[in-house]
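Please look through the sequence and the 3D structure shown here before reading on. The report that follows moves from the chain as a whole to a few of its residues.

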Amino acid sequence: MPTYAPELNPTEGVWSLLKRAMANFVATDLRGLVRIVKRKLKKIQFRPDLLNGCLA
């Protein structure tokens with residue numbers, strides 16, 4: 001088994017989706033960054049097709 005296999009870790013898929021969703025956002029402070037991350041994770045949470053894709 002390889003030492004690092006992102007396809008075996010569903011969390012990697014979620015982080016990849018989150019990074020793509022946040023590509024054009026700029027946060028001026030930490031509070032703004034937290035707000036953006038929470039909003040994007042909430043959108044991903046309610047899209048079961050995306051989450052199933054991370055598990056497949």
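## Overall form

The radius of gyration is taken over C-alpha atoms, and the rule for a globule is 2.2 Å times the number of residues to the power 0.38. For a compact globule of 56 residues this value would be near 10 Å, but the chain has 13 Å. The model is a predicted one, and along its principal axes the C-alpha trace spans about 40 × 25 × 15 Å.

How much of the chain counts as buried? Of its 56 residues, 18% fall into that class. The chain exposes about 4800 Å², and carbon and sulfur atoms supply 60% of this area.

## Helices and confidence

The chain holds three helices and zero strands, and read from the N terminus on, its elements follow the order α-α-α. Helix α1 covers residues 10-21, helix α2 covers residues 30-45, and helix α3 covers residues 48-55.

With a predicted model, it is useful to ask what the mean pLDDT of the chain is. The mean is 80, and 91% of the residues reach 70 or more. Among the elements of the chain, helix α2 has the highest mean pLDDT, at 87, whereas helix α3 has the lowest, at 75.

## Two residues of helix α1

Pro10 has its place in helix α1, and because its relative accessible area is 31%, Pro10 is classed as partly exposed. Leaving out residues up to four places away in sequence, Pro10 touches Cys54 and Leu55. From Pro10 to Ala27 there are 17 residues in sequence, and the two C-alpha atoms lie 27 Å apart in space.

Glu12 also belongs to helix α1, and Glu12 is partly exposed because its relative accessible area is 30%. Between Glu12 and Arg35 the separation is 23 residues in sequence, while from C-alpha to C-alpha it is 21 Å in space.

## Two residues of helix α2

Is Lys40, a residue of helix α2, buried or exposed? Lys40 has a relative accessible area of 12%, and therefore it is buried, given that the class takes in values under 20%. When neighbours within four places in sequence are set aside, the residues in contact with Lys40 are Leu18, Ala21, Met22 and Phe25.

Leu30 is likewise placed in helix α2, but Leu30 counts as exposed because its relative accessibility is 63%, and the exposed class takes in values over 50%. Which residues make a nonpolar patch on the surface? Leu30, Leu33 and Val34 make such a patch, and its area is about 260 Å².

## Drawing the residues together

Helix α2 thus offers a pair to set side by side in the structure: Lys40, which is buried, and Leu30, which is exposed. In helix α1, Pro10 and Glu12 are partly exposed.

Terms used:
Residues numbered from 1 in each chain as written. Predicted model: local features only at pLDDT ≥ 70, side-chain atom pairs only at ≥ 80, totals over all residues. Heavy atoms only, no water. Patch = residues over 30% accessible without salt bridge, like charges linked within 9 Å, V, L, I, M, F, W, Y side chains within 5 Å. Areas by Shrake-Rupley, 256 points an atom, 1.4 Å probe, with all protein chains shown as cover. Salt bridge = Lys/Arg side-chain N within 4 Å of Asp/Glu carboxyl O. Helix = DSSP H or I, 4+ residues; strand = E, 2+ residues; numbered from the N terminus. Buried < 20%, exposed > 50% of the residue type's maximum accessible area, 1.4 Å probe, protein only. Contact = heavy atoms within 4.5 Å. pLDDT = per-residue confidence, 0-100.
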